[in-house]
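Colleague: I am new to this one, so could you walk me through it? I have a handful of questions ready.

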Amino acid sequence: MYNTSRALTLMLIWWILGTATALAQYVQGIVKDKETDDILPMVHVYYKDDRRSVVQTDLEGRYRIRFRKGTLVFSMAGFTPREIKVDKAQRLNVTLNEAQASLQEVKISAKRKKYSRKENPAVTMMRKVIAAKTRNDLRNHDYLTFDKYEKMVFSLNEFTSDVFKDDKFKRMPFLKDHVEVCPETGKLILPVTVNEKITQTLYRRDPRVEKTIVKAERSEGLNNLINTGEILTTLLKDCFTDVDIYEDQVRMLQYPFTSPISTPDAIRFYRYFIIDTLMVGNDKCFRLDFTPNNPQDFGFSGSLYVRADSSWRVRKVHLGIPSRSDVNFVEQMDIVQEFDSLATGEQVVTANKMIVQIKMSSGIQKLQVARDVHCSGYSFTPIPDKLLRSRNDNLVDQSAYMQDKQYWEQMRPLPLSSSEDSMGDMLHKIQNMRGFKPFMWVFKAFVENFVETSIDPEHPSKVDIGPVNTMIGSNWVEGLRFRVGAQTTANLNRHWFLKGYAKYGCGDERWKGVGELTYCFKPRAYLPHEYPLNNLSFSYSNDVMSPSDKFLAVDKDNVFVAYKWTSVRHMNYFERFNLRYDREWGDGLRANIQLRREWNEGAGDLFYRPLDGAAYPSDDLSQGIHRITFTEFTAGIKYQPGVTYVNTKQRRLPTNLDAPVLSLTHTVGMKGVLGGDYNYNFTEAGVYKRFWLKSWGKLDCNLKGGVQWNKVPYPFLIMPAANLSYLIDVESFRLIRNMEFLNDRYASAIILWDLNGKLLNRIPLIRRLKWRETIGCNVLWGTLTSKNNPFLMQNRFDDRLFYFPGSFRPDGSFVYNSHVMDSGKPYVELSVGLHNIFKFIQLEYIHRINYIYPGTQRWGIRGGLQFSF
């Protein structure tokens, strides 16, 4: 869901500013070594009379510089500079001659030989750099404090004034005033969002504690035009994070990239080449270039500048990605970091700049993400214990979101550009365009799945109508079904929230509905589910569902899950009163308690009939129980350290699945309380963990287990998490039918290995498609103890148990749909899949290995959309 919201948010930007961009005039080409014909990265290209126009060739030797009449200079250490006059935009390939003066410090061979690590001076040098890593780790000190300023700017790239000749831009001439030149690339950009944050980090080594305090934060731009616009901001921050080459694995674009100085992996993963000896500032350095052994693996390419002394410290690093990398949407990435030493001798980053140029698809406006980080105020003095006592690792000052313009001007290391500083003026003009408000109203309905009741920014919506994708649907019991819902927002009240829906089924001719009232002890920005929770809610529900609907990750009435791969004829009406309290803490701990009173009534082919001695139930419906009533109390705890979320108007979603999850719940059924008819105890535990396997992708393991401790009829037994729709759901079984197995003890393992193209990238022709493969295995072990097994002779007349669900055939015979598992034979299904098809589509083939009954579907195809870099 959040992938869809992100894509639609970008569509808003493209609509406002156009999808067809008139390209500027450029001189471009490739620079090579004249003698060896090798490509030359990092060559400086600039106009002779204006060195500020300088650009560099990338790791494939390519350059691109805006055309103007003059003399271009091509310059690189170790080669003779070359000057070429240009009088028109053109493709200009250039060769450089190696300088005749030899370097005493480094011997460079005239021809590149087959790469070998053995007796390779570059590899020998890198082993020394890697061995010196631990001496440069600031966290070897007992205490550490420092301040950090971050700025992230999201812009339209290669944006020129020529585009305004298009008729659809004549109404937006003011955008010309906000187009500026990116000093790093020389291209024209139009900044559309700017985010700034100032934090302080507190660290203690023993016992280890690290806290981050947000001192100030602000966001301005097009993302503020929609209430879930923080999705874009949050995901950009999660994708483009701090790069620390001293870590073995650098997290970037939500993937781990092997650091060029990784202790266990760098020498095997990368190829290194000594290029030159040169000065960086006042320091003499060796320049080493590196690139992954397989350019399609997720790794960096670039240059390391290592001090030519016994410290073997990195003085500067230039990181990019190979042009043949499997990374999606990134046309070019440049990360430049410079290091220097504190007075105490420790090495720190003094300059940290990231420029990422994004190309979603041909014909769509290119984008750019620029991130600047400046750290200062390093201190190793002891930190008072009271500052480290909070259980939250991420803290926010009360005034963090209220700092004025004067504060930001004082705290910024560098001033904003004129376009960044006037972002609010640009937004104001866009909002006042004729027709913009109605467009936004329609656009938000599709992006956010809710329709706002106000389009006036000065009087924002107090009630939203939706979800839109649940307004029409169908199922076996209701037939064609119509539904309308609404929810209040924080614009009405920041503590009290009301939501609900009403619906009507044309098949059963019954009205149904849900209403929920929530009180938030902490004021909310827009909706009650924002992190962290501290909410008390009461709800009333009167509806119909199938038992397996409770496992859905989306609304059960979502039109996209209405299409099933198997007929679902066993459903139940229910009336539910629910009182719930949820509390979350900043360290990822969540606790909840819940009191629920509910009755269920069979619908479709589902019935509740006590055992009466017969092997099969009779078709006389008057012999069954019309309704079962139960009251239960549930307490649960969940721990997910490091989790972060994005909010949609329906729910919140984790920004990534890297955080482990530990959960434990216990439910007690209480007979005689509020009309409940059953006593029972149900305990369930779960563990989720993602394992990154470096260049071999990631392995997701989801383990669960549960026990129903009491003698109960089948509605209180444990059914598998079955996904009956055609959409991929990685947390459920794909080929188990509704209530197919009923257990009172179970354990499950859902394991998915995403190889991230590791195998397909080695196959000629196939690797050009950049598909990525997955392998999965889902296993369910279950058993039904004798006290709950209705098929045993000892239980045939025990009316505390019910006949298992099934269906009557036209001839009056009965066939069971639910089965008892063999405790010695687990259920197994295997899957193989492809994703990154056209960069968005994923497909999966599933095969069922065992428990084959008449009519069992042994294989299936599932699909979905997936957005990933």
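Colleague: Where is the place of Trp312?

Modeller: Happy to help, and do keep in mind that this is a predicted model. Most residues other than glycine have a negative phi. Trp312 is not a glycine, yet its phi is positive, about 55 degrees. Its place is in the loop between strand 16 (301–307) and strand 17 (314–320).

Colleague: And Phe838, does it count as buried or exposed?

Modeller: Phe838 also has a positive phi of about 55 degrees although it is not a glycine. This residue is found in the loop between strand 41 (827–837) and strand 42 (841–848). The cut-off for exposed is over 50% relative accessible area. Because its relative accessibility is 70%, Phe838 counts as exposed.

Colleague: Which residue does a cis peptide bond join to Asp206?

Modeller: Most peptide bonds are trans. Here omega is about -10 degrees, and the bond is cis. The partner has its place in the loop between strand 10 (188–204) and strand 11 (209–221). The residue joined to Asp206 is Pro207.

Colleague: Where is the place of Pro532?

Modeller: A cis peptide bond joins Tyr531 and Pro532, with omega at about -5 degrees. Pro532 sits in the loop between strand 27 (510–520) and strand 28 (534–545).

Colleague: What distance separates the end C-alpha atoms of helix 8?

Modeller: Helix 8 covers residues 436–447, which is 12 residues. The expected span is 1.5 Å times one less than that number, so the helix should span 16 Å. The model agrees, as its end C-alpha atoms are apart by 16 Å.

Colleague: Which helix gives the most to the largest nonpolar core?

Modeller: That core has 75 residues, and Tyr272 is among the members that touch the most others. Leaving aside neighbours within four places in sequence, Tyr272 is in contact with residues including Ala122 and Met126. With six residues, the helix that gives the most to this core is helix 2 (residues 121–131).

Colleague: Which are the edge strands of the open sheet in the order 4-1-7?

Modeller: Strands of a sheet pair through backbone hydrogen bonds, either parallel or antiparallel. In this three-stranded sheet the pairing is mixed, and strand 1 (residues 26–33) and strand 7 run parallel, joined by three bridges. An edge strand pairs on one side only, and that holds for strand 4 (62–66) and strand 7 (94–96).

Methods:
Residues are numbered from 1 along each chain as its sequence is written. This is a predicted model: local features need pLDDT of at least 70, side-chain atom pairs count only at pLDDT 80 or more; totals for chains, interfaces and linings use all residues. Side-chain values use heavy atoms; hydrogens and water are left out. A nonpolar core is a set of buried Ala, Val, Leu, Ile, Met, Phe, Trp, Tyr and Cys residues joined through side-chain atoms within 4.5 Å. Buried means under 20% relative accessible area, exposed over 50%, partly exposed in between (1.4 Å probe, protein chains only). Helices (H or I, at least four residues) and strands (E, at least two) are DSSP runs, numbered from the N terminus. Contact means heavy atoms within 4.5 Å. Two strands pair if DSSP finds at least two bridges between them.
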